Amino acid sequence: MRNIKSALLLVAMLVALTGCSFLSGIVNMTKCEYSYKSVSDVKVGGIDFSNLSAVSLMQNMSTISKLLQGDFKDLPLELTVNLNVKNPNEGKAAINGMIYTMNIDGLDVAEGNLRKSFSVEGGKTATLPLVVRTNLGNILDKQNRSTVVEIVKNFVGISGNKSKIKMKLSPTITGRNNEQRKLMTVPVSFEYGGKKK
C-alpha cells in the first residue's frame, strides 16, 4: 500500500508541475478497477482447443493422449486473458505496458511483459487482451506431475474441474533508458476450464 501511495504522490507532483495530460492519464490508471472477463485462444501443446472440431480431435489424438498421461518434456501453453479495465475517473487513463505473473492451481507458470500502450476513456470500461505464453514442461517435475496433468485436463475440457488462476498485474510506464516502472500491483483471480456444457 505504501508503494502505491508513493507512486501516486510522485506522479501527482509531476502532473501538478507539468500539467501534462499524459501524466494525469497515468494517475487515472492507478485508480482503475481490473476484473476478469474471459479466456480465449487456448492452445496446449500447439493444439487450438478454442475451436477444436471432431476432425482435428482425431488428427491430434496421439498428442492429446501423451498430454493426458504427462508424457511430455516440452508443453507450450498459450492463452489470451481478457481483462475488463473500468475507469471511474472523468479523464482518460493510460499506460505504456503491463508486467504480469500467473499462478495456476498453486504453480507459478508464467511471467511476462506486455510493452503496448493501452488507454480507457473516462467513465468507460475497455477490454485489455493479455496474451500469456509459457511452457508447462519447464515447471514439470516428479512432485507436481499430477498437478500439471490436471491443469492440462482442465484446460482442454476433459476434466469436470476448473483450474484456479491467480494473476498479479502491474501497469507500467516507460522511463529513461526504455525501463519499465511499475505503478502498482493488482491481483485478479478467476477459474477456467472443465467440461464444456
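Two strands are taken as paired here if DSSP finds at least two bridges between them, and the model that this tour walks through is a predicted one.

With that in mind, begin by selecting the four strands of the open sheet, whose order is β2-β1-β3-β8 and whose pairing is antiparallel. The edges of this sheet are β2 and β8, the latter covering residues 125-135, and each of these edge strands pairs on one side only.

Next, select β1, residues 33-44, together with β2, residues 47-48; these strands pair in the antiparallel sense over two bridges, and one place to look is V44, whose bridge partner in β2 is I47. The two strands form a hairpin with two residues between them, and it is worth centring the view on G45 in that turn, where phi is positive at about 60 degrees.

Keep β1 on display and add β3, residues 76-86, which pairs with β1 in the antiparallel sense over nine bridges. To follow this pairing at the level of residues, label S40 and then T80 in β3, which stands opposite S40.

From β3, move across to β8: these strands run antiparallel and are joined by 11 bridges. Selecting N82 here also leads to P129 in β8, since the two residues stand opposite each other.

Finally, show helix α5, residues 145-156, along with the strands β1 and β3, because the helix lies across both of them. If you draw axes for the helix and for β1, the angle to look for is about 95 degrees.

Terms used:
Residues numbered from 1 in each chain as written. Predicted model: local features only at pLDDT ≥ 70, side-chain atom pairs only at ≥ 80, totals over all residues. Heavy atoms only, no water. Contact = heavy atoms within 4.5 Å. Axes fitted to C-alpha atoms, helices over the stretch in contact; angles between N-to-C directions.
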